[in-house]
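Student: I would like a close look at a single part of this model, taken slowly and in connected prose. Please begin once the sequence and structure are in view.

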Amino acid sequence: MAVNKNALIRYKTIDKCLQNNYREWTLDDLITACSDALYEYEGKDVDVSKRTVQLDIQMMRSDKLGYNAPIVVYNRKFYKYDNPEYSIVNIPVTDKDIKVMNEAIQVLRQFKDFSLFKEMDGVLQRLEDSVYASQKDNRAIIHLDKNEQLKGLEFIDVIYNAIQSKKVIKVSYQSFSARTSSVMQVHPQLLKEFNNRWFLLASHKQKMITLALDRIININIEDNVDYIDLQIEGDNFYKDVVGVTVSNSRAQRIQFWVDKKNAPYVVTKPFHPSQRTIKTREDGTIFNIFVQHNFELERLILGFGDSIEVLKPKKLRDRILGKLKQSVKNYSEIDK
């Protein structure tokens, strides 16, 4: 069950109040304490409603969050814990909780070399110390693919903070095809990870551009330039593409055949969420996807070698055929 940050602040505040047995707490007292806490932690000058605190108490009493808080009312007015030693922070951790946290720690640990996660290192260490107190086998059983030698990871923090604080950045950038680097002023919108590489989606001269972080040389914050927030939502922006390259072209239906041996892999790991099975034959399966034609799509198709054939559209079929012919030519010239 999802719980927002404000609710957690209120739960913690109510818990702290009820632990103080030297004072009697009315509902109004708890409301005031919650309002003060939200102002202190979030800077929100709001009056928490009576109904909100009543629902908070009801939630804390229930098993929905695992609290089962023994909150009672005495003299028809005052709230307290029936067990003076109780606190929501002292809830015992079950074996199932330990197993879940164990797995989560191992997953997070594999991001330790990313600068974005450096500040979490101390948190993870403390969590490990608590969770593994009675554990002997700390071996990771989940392994994520990662490239520790990848360049540009040091810019993740800078870009992330720039997007979060709505700052324009000046980027020194050199693509693989450029002889020298160029400097451009961009409005960063989104960080995107694909195929073990990181990319920045940004607005530049009223156009959307994609910059690979491993081609960035330097970044400077432009404090005196107004930032333009385009409210980019990643799932919508990339919904019609494979990879990160979004063109101005419309998505089109791509039809391809995959041989019988490799078709199950394509079924279980689709090229794109729009993928549909059109026909199953003795020699393989025909699929459809609805995407833009881009570089990543071509690389994906070519990666299947002789086990795939593009059927439609003709333009993409001809382009893949041309690349395969060039590949054969390359091998033929080596043989000569």
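Student: Is Cys17 buried or exposed, and what can be said about the core and the cysteines in this part of the model?

Tutor: Bearing in mind that this is a predicted model, Cys17 is buried, its relative accessible area being 7%. Cys34 likewise counts as buried, at 1% relative accessibility. As for disulfides, the count comes to zero. Cys17 is in none, since a disulfide requires two cysteine sulfur atoms within 2.5 Å, whereas the nearest cysteine sulfur to that of Cys17 belongs to Cys34 and is 6.8 Å away. Seen from the other side, Cys34 is in no disulfide either, and its nearest cysteine sulfur is that of Cys17, at 6.8 Å.

Turning to the core, the largest nonpolar one has 26 residues, and those with the most contacts inside it are Leu18, Leu30, Val53, Ile57, Met60, Ile71 and Tyr81. Two or more residues come from each of helix H1 (5-19), helix H2 (27-42), helix H3 (50-61) and strand E2 (78-81), with H2 giving the most, seven residues. Val53 shows how such contacts are made up: once its neighbours within four places in sequence are left aside, Val53 is in contact with Ile14, Leu27, Leu30, Ile31, Cys34 and Val48, so that Cys34, buried at 1% relative accessibility, is one of the contacts of Val53. Apart from this core lies another, of 22 residues, which includes Ile159, Val171, Leu200 and Ala212.

Notes: Residues numbered from 1 in each chain as written. Predicted model: local features only at pLDDT ≥ 70, side-chain atom pairs only at ≥ 80, totals over all residues. Heavy atoms only, no water. Core = buried A, V, L, I, M, F, W, Y, C linked by side-chain atoms within 4.5 Å. Buried < 20%, exposed > 50% of the residue type's maximum accessible area, 1.4 Å probe, protein only. Helix = DSSP H or I, 4+ residues; strand = E, 2+ residues; numbered from the N terminus. Contact = heavy atoms within 4.5 Å.
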